[in-house]
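Work through the exercises below with the model open beside you. Try each task before you read its solution.

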Amino acid sequence: MASFRTAGFNGYSVSFSPFEDNLLACAASQHFGIVGNGKLFIFAQGPDLRLLSSYGTQDAMYDCTWSEQNHDNIVTACGDGSVKLWDIKIQARPIRSYHEHSREVVGVHWNLVEKSTFLSASWDDTVKLWTPERQQSICTFREHHNCVYGAVWSPYHPTTFATAAGDGTVKVWDAKAPNASAITLSGHLNEVLSCDWNKYNPNILVSGSVDKSIRVWDVRQPQREMLCLTGHTFAVRRVKCSPFAENVIASCGYDITMRVWDLVQGKGVCLSVLDQIHTEFVVGLDWSLHAQNQIATCSWDENVLVFVPDCLKA
């Protein structure tokens, strides 16, 4: 297990590079993101994690997403309501800073298909669509009635994305129709903190909530979820679908665990509960696109880990 301690900064998000098989980013904040600075860490993977560079902000940093166009560009979500674009070859300020949100930005995601746009999700209840070249957003999506914690592009459709919000819903949108969402998925009993698309089926979404459940949805049948996975004992902070297996997802949460699930034969089986790897809330999670079944996690315990869970080893 490779590791790095982000001393003085509590991890919030990890993201593997889509281009380089050994690059990993972590967005982190001082004092659990309540007050203080933020920092973006860039690591090279080897037998352990080696710090290549870091970039500081005057407010907290909550999420990061690599560009799908430029190997060296990465976007971060910041507590001052800004979205910042960085070039990791430039040891200085962000190359652009976008500031339209009126509250903390807590989620960012780059378009996986069209590749020239990215989304930001904010506690001001909105999502905004951006391109790197424009200082102003292209449009704003307003329909949620509480904080939007995440916005995630479909890996299949260039204008389709999903949002997870504090109003207890997951919504599916068409970026060409910003005035209203296309689908609303209601079923969670509390705030929805995370959602992700299945990488093998364009109709399947997963979501994680403060109600401690993970729900699996078929957007063609939005009336109720296909599956409800239980096992987490506190809020599920992040869910991610495997890029290597249609039926495998990973989750992490405020019960200080990371879990691996197998969605087999119409039911969900928890393959593994990793409850010893971190000592604080586990809030960041990502799958590598290059190394099979490799996962990265980060936690408020200031540790970033990279490993393959035993249950997924050949």
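**Exercise 1. Find the strand that pairs with β9, and count the bridges.**

Step 1: Strand β8 (residues 82-87) runs antiparallel to β9, and four bridges join them. Strands here are DSSP runs of E with at least two residues, numbered from the N terminus. Two strands pair if DSSP finds at least two bridges between them.

Step 2: Pick one bridge. V83 has Y98 in β9 as its partner.

Step 3: Place the pair in its sheet. The open sheet has four strands in the order β6-β7-β8-β9, with antiparallel pairing. Its edge strands, β6 (61-66) and β9 (96-99), each pair on one side only. From one strand to the next, the twist averages 20°. Axes for such angles are lines fitted to C-alpha atoms, and angles run from 0 to 180 degrees between N-to-C directions.

A note on the source: this is a predicted model, where local features need pLDDT of at least 70 and side-chain atom pairs count only at pLDDT 80 or more, while totals for chains, interfaces and linings use all residues. Residues are numbered from 1 along each chain as its sequence is written, and side-chain values use heavy atoms, with hydrogens and water left out.

**Exercise 2. Decide whether β27 is enclosed or open.**

Step 1: Check burial. Buried means under 20% relative accessible area, exposed means over 50%, and partly exposed lies in between (1.4 Å probe, protein chains only).

Step 2: Apply this to β27 (residues 295-299). Five of its five residues are buried, so the strand is largely enclosed by the rest of the structure.

Step 3: Look at the faces. In a regular strand the side chains alternate between the two faces of the sheet. In β27, I295, T297 and S299 are buried on one side, and A296 and C298 on the other.

Step 4: Add the neighbours. β26 (residues 282-287) is antiparallel to β27 and joined to it by five bridges. There, L285 stands opposite T297. β28 (residues 303-307) is also antiparallel to β27, with four bridges. I295 has F307 as its bridge partner in β28.

**Exercise 3. Describe the surroundings of S207.**

Step 1: Locate S207. It lies in strand β19 (residues 204-209).

Step 2: Check burial. S207 has a relative accessible area of 0%, so it is buried.

Step 3: List side-chain contacts. A polar contact is a pair of N or O atoms within 3.5 Å; within protein, one must be able to donate a hydrogen and the other to accept it, and residues adjacent in sequence count only if both atoms are side-chain atoms. The S207 side chain makes such a contact with the side chain of H188 at 2.7 Å. Another, of 2.9 Å, joins the side chains of S207 and W217.
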